[in-house]
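Q: I'm new to this structure, so please pick one part of it and take a close look. Then walk me through how that part sits among everything else.

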Amino acid sequence: MKATTTIREEIEHYEEGHFYEMYIEECIFQSTPDWRRLGPYLYRCAELDRLDCLDAAVRMTLDNTTYLPMLYELAETFVQEAKYKAAMLLYECVAESEKYQHSERLALCHYRLFNHRIENNQESNGRAVVLFEPYLERLNEADQLDAYVRVINVSFSLDRWDSVRSLAERMGKKARIQYDNGNYLDTDSGRPKKPIIFYVLYSYLVLENYYTQSGNYERALQYVS
């Protein structure tokens, strides 16, 4: 009894999570990991800020694509709970595992990473736009229009005027089709943050700015009207 008490007292000197690295090998990956065990482990790693263990455990699952939907949903939960660093690690891992796919989940991971990477640094913002743009068209329609607005605004700040024009034209065309068809994108995948007419009018505003900046005032006035 005395020896047991001594061991317990010794263990209590360690901070919670101290043995998490050992737990990955000994308790999770001795055989095919069960999500009922892995999920709570990853969640607790995020709570304790043991992101090294979270990252190591997740990367050991990436060869098994059956875990990707669950990892993505856990990342979404982390965002809702403001556990952003943990969420970004999961998005990066899911995106890496699906990089040769054309899935909507892959595009959403890159969209979440893009939003997280935007900061008060023009150089890093430029890299974030370049990394995300190839996935813009793969988003579902509800997310796509809001993503266009976000990328346009960042491109404005970077003086990427040709990209601004191209993005505004594409966004405006998509929004006008939806508006003319009376389709307001209230679908199972959600809906844009603004009414559809906002995206139509915002594209006009952006194009007016573009043509004013380039000195084509006649064309700019067409969008003002």
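**A close look at helix α4 and its surroundings**

A: Of the contacts in the protein with a separation of 6 or more, 58% are between residues 24 or more positions apart. Keep in mind that this is a predicted model. It has 12 helices and zero strands, and 41% of its 225 residues are buried. Read from the N terminus, the elements simply go α-α-α-α-α-α-α-α-α-α-α-α. The accessible surface comes to about 13,300 Å², with 49% of that belonging to carbon and sulfur atoms.

The part I'd pick is helix α4, residues 51-59. Let's begin with Leu54. The largest nonpolar core has 65 residues, and Leu54 is among the five that touch the most other members, along with Leu42, Leu71, Phe114 and Phe132. Helix α6 (residues 84-97) is the biggest giver to this core, supplying nine residues.

So who does Leu54 actually touch, once its neighbours within four places in sequence are set aside? The list is Leu42, Cys45, Ala46, Phe78, Ala86, Leu89 and Leu90. Leu42 turns up again here, as another of the five residues that touch the most core members. Ala86, Leu89 and Leu90 have numbers that fall within helix α6, which covers residues 84-97.

Now go to the charged side of the story. Arg59, in helix α4, pairs with Glu96, in helix α6. This is a salt bridge, with the closest N and O atoms 3.0 Å apart. It links distant parts of the chain, as the two residues are 37 apart. Arg59 counts as partly exposed because its relative accessible area is 36%. Glu96 is partly exposed too, because its relative accessibility is 40%. A search of the whole structure finds 12 salt bridges, so there are others to look at besides this pair.

Just past α4, look at Thr61, which sits in the loop between α4 and α5 (68-80). Thr61 counts as buried because its relative accessible area is only 2%, and the cut-off for buried is under 20%. A polar atom of the Thr61 side chain lies 2.6 Å from the backbone oxygen of Val58.

Carry on to the loop between α5 and α6, and you meet Ala82. Its phi is near 65 degrees, a positive value in a residue other than glycine. Ala82 counts as partly exposed because its relative accessibility is 47%. Asp159 is another non-glycine with a positive phi, of about 60 degrees. Asp159 lies in the loop between α9 (141-157) and α10 (161-180), and counts as exposed because its relative accessible area is 54%.

For comparison, here are two more salt bridges. Arg105 and Glu98 meet through their side chains, at 2.7 Å from N to O. Glu98 is buried because its relative accessible area is 6%, while Arg105 is partly exposed because its value is 24%. Glu123 and Arg127 also form a salt bridge, with the closest N and O atoms 3.3 Å apart. These two are separated by about one helical turn, because they are four residues apart in helix α8. Glu123 is exposed because its relative accessible area is 58%, and Arg127 is partly exposed because its relative accessibility is 47%. Back at our chosen part, salt bridges that share partners join Asp55, Arg59 and Glu96 into one network.

Helix α8 (residues 122-132) also holds Gly126, which counts as buried because its relative accessibility is 19%. Gly126 and Ser155 are 29 residues apart in sequence, yet their C-alpha atoms are 7.8 Å apart in space.

Farther along the chain, Arg165 is in helix α10. Its C-alpha is 9.2 Å from that of Asn209, although 44 residues separate the two in sequence. Setting aside neighbours within four places, Arg165 is in contact with Leu207, Tyr210 and Tyr211. Arg165 is partly exposed because its relative accessibility is 25%.

Finally, a stop on the surface: Tyr179, Ile197 and Leu201 form a nonpolar patch with about 260 Å² of accessible area together. Ile197 is found in helix α11 (residues 196-213) and counts as partly exposed because its relative accessibility is 32%.

Methods: Residues are numbered from 1 along each chain as its sequence is written. This is a predicted model: local features need pLDDT of at least 70, side-chain atom pairs count only at pLDDT 80 or more; totals for chains, interfaces and linings use all residues. Side-chain values use heavy atoms; hydrogens and water are left out. Patches are made of residues with over 30% relative accessible area and no salt bridge: like charges are joined within 9 Å, nonpolar side chains (Val, Leu, Ile, Met, Phe, Trp, Tyr) within 5 Å. Accessible areas come from the Shrake-Rupley method with a 1.4 Å probe; for residues, only the protein chains shown count as cover. A salt bridge is a side-chain nitrogen of Lys or Arg within 4 Å of a carboxyl oxygen of Asp or Glu. Buried means under 20% relative accessible area, exposed over 50%, partly exposed in between (1.4 Å probe, protein chains only). A polar contact is a pair of N or O atoms within 3.5 Å; within protein, one must be able to donate a hydrogen and the other to accept it, and residues adjacent in sequence count only if both atoms are side-chain atoms. A nonpolar core is a set of buried Ala, Val, Leu, Ile, Met, Phe, Trp, Tyr and Cys residues joined through side-chain atoms within 4.5 Å. Contact means heavy atoms within 4.5 Å.
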